[in-house]
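Here are some exercises to work through with the model open beside you. Try each task before you read its solution.

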Amino acid sequence: MNVVRLVKKAKKGNKEALLQLIMAQQDDYYRLALTYMKSSHDAMDAMEEMIVILYEKIHQLKKEEAFYSWSKTILVNICKTLLDKQKKIVLIDDWNTVSEHEQHQPLTADVYIKREQQMDMQALLVQLNEQQKEAIQLKYFHDFDYQTIADVTQVSIGTVKSRIFQGLKKLRAYYGGENDE
């Protein structure tokens with residue numbers, strides 16, 4: 001898939017090209033929205049709103065190759081706006097909720113191990129402030145690079161690196177992985 005070519009088509013009003021771009025990363029968009037929104041329904045609402053905004057504002061995108069960074073920044077901003085409207089504070093992903101796929105699967109040792117790991121992560125992330133938690137989730141759960149995290153959170157790369165470093169330092173200290181001297 002040639003992202004630049006599809007973005008150029010989408011800028012000319014080609015809805016199919018925009019749809020192809022979105023569908024190519026739909027799982028990433030969903031996981032990102034779910035990180036902020038906590039519920040599947042709210043994550044889907046955020047994605048729908050993102051699609052409308054992308055369609056309306058695609059002509060404003062200056063660098064075609066930056067489409068995914070740009071669109072994910074829009075999605076994060078939508079999530080934050082929706083959360084403000086709902087007056088919710090999302091501390092972490094709702095990892096304890098059983099997904100539809102798991103509901104139809106027999107409970108195996110793998111499912112128990114996965115849930116135990118999720119509870120461990122949940123307990124660890126509670127130790128961090130919101131900015132550290134957000135930066136670490138974007139870096140390690142969504143595989144964003146520092147520049148993309150800086151764009152999404154609207155802070156400098158140095159601030160992103162500091163938040164991640166300080167957050168990991170707190171986690172190591174809490175988990176007992178390293179003595180703080």
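**Exercise 1. Compare the span of helix α5 with the expected span, and decide how covered the helix is.**

Step 1. Helix α5 covers residues 67-86, 20 residues in total, and runs 28 Å from its first C-alpha to its last. Helices here are DSSP runs of H or I with at least four residues, numbered from the N terminus.

Step 2. The expected span is 1.5 Å times one less than the number of residues. For α5 this gives 28 Å, and the model comes close to it.

Step 3. Of the 20 residues in α5, 14 are buried, so the helix is mostly covered. Buried means under 20% relative accessible area, exposed over 50%, and partly exposed in between (1.4 Å probe, protein chains only).

Before going on, a word on the source: this is a predicted model, in which local features need pLDDT of at least 70 and side-chain atom pairs count only at pLDDT 80 or more, while totals for chains, interfaces and linings use all residues. Residues are numbered from 1 along each chain as its sequence is written, and side-chain values use heavy atoms, leaving out hydrogens and water.

**Exercise 2. Find the residues that touch the most other members of the largest nonpolar core.**

Step 1. Apply the rule: a nonpolar core joins buried Ala, Val, Leu, Ile, Met, Phe, Trp, Tyr and Cys residues through side-chain atoms within 4.5 Å.

Step 2. The largest core holds 43 residues, and Y29, Y36, A46, L54, F67 and L75 touch the most other members. Helix α5 supplies the largest share of this core, 10 residues.

Step 3. Now look around A46. Neighbours within four places in sequence aside, A46 is in contact (heavy atoms within 4.5 Å) with A33, M37, L75, I78, C79 and L82.

**Exercise 3. Work out which parts the salt bridges E64 to K11 and K80 to E134 tie together.**

Step 1. A salt bridge puts a side-chain nitrogen of Lys or Arg within 4 Å of a carboxyl oxygen of Asp or Glu. By this rule there are four.

Step 2. In the bridge between E64 and K11, the closest N and O atoms are 3.0 Å apart. Because E64 sits in the loop between α4 (40-57) and α5, and K11 in helix α1 (residues 3-11), the pair ties together parts 53 residues apart in sequence.

Step 3. K80 pairs with E134, with 3.2 Å between the closest N and O atoms. K80 belongs to helix α5 and E134 to helix α8 (residues 130-141), so this bridge links parts 54 residues apart in sequence.

Note on methods:
Helices (H or I, at least four residues) and strands (E, at least two) are DSSP runs, numbered from the N terminus.
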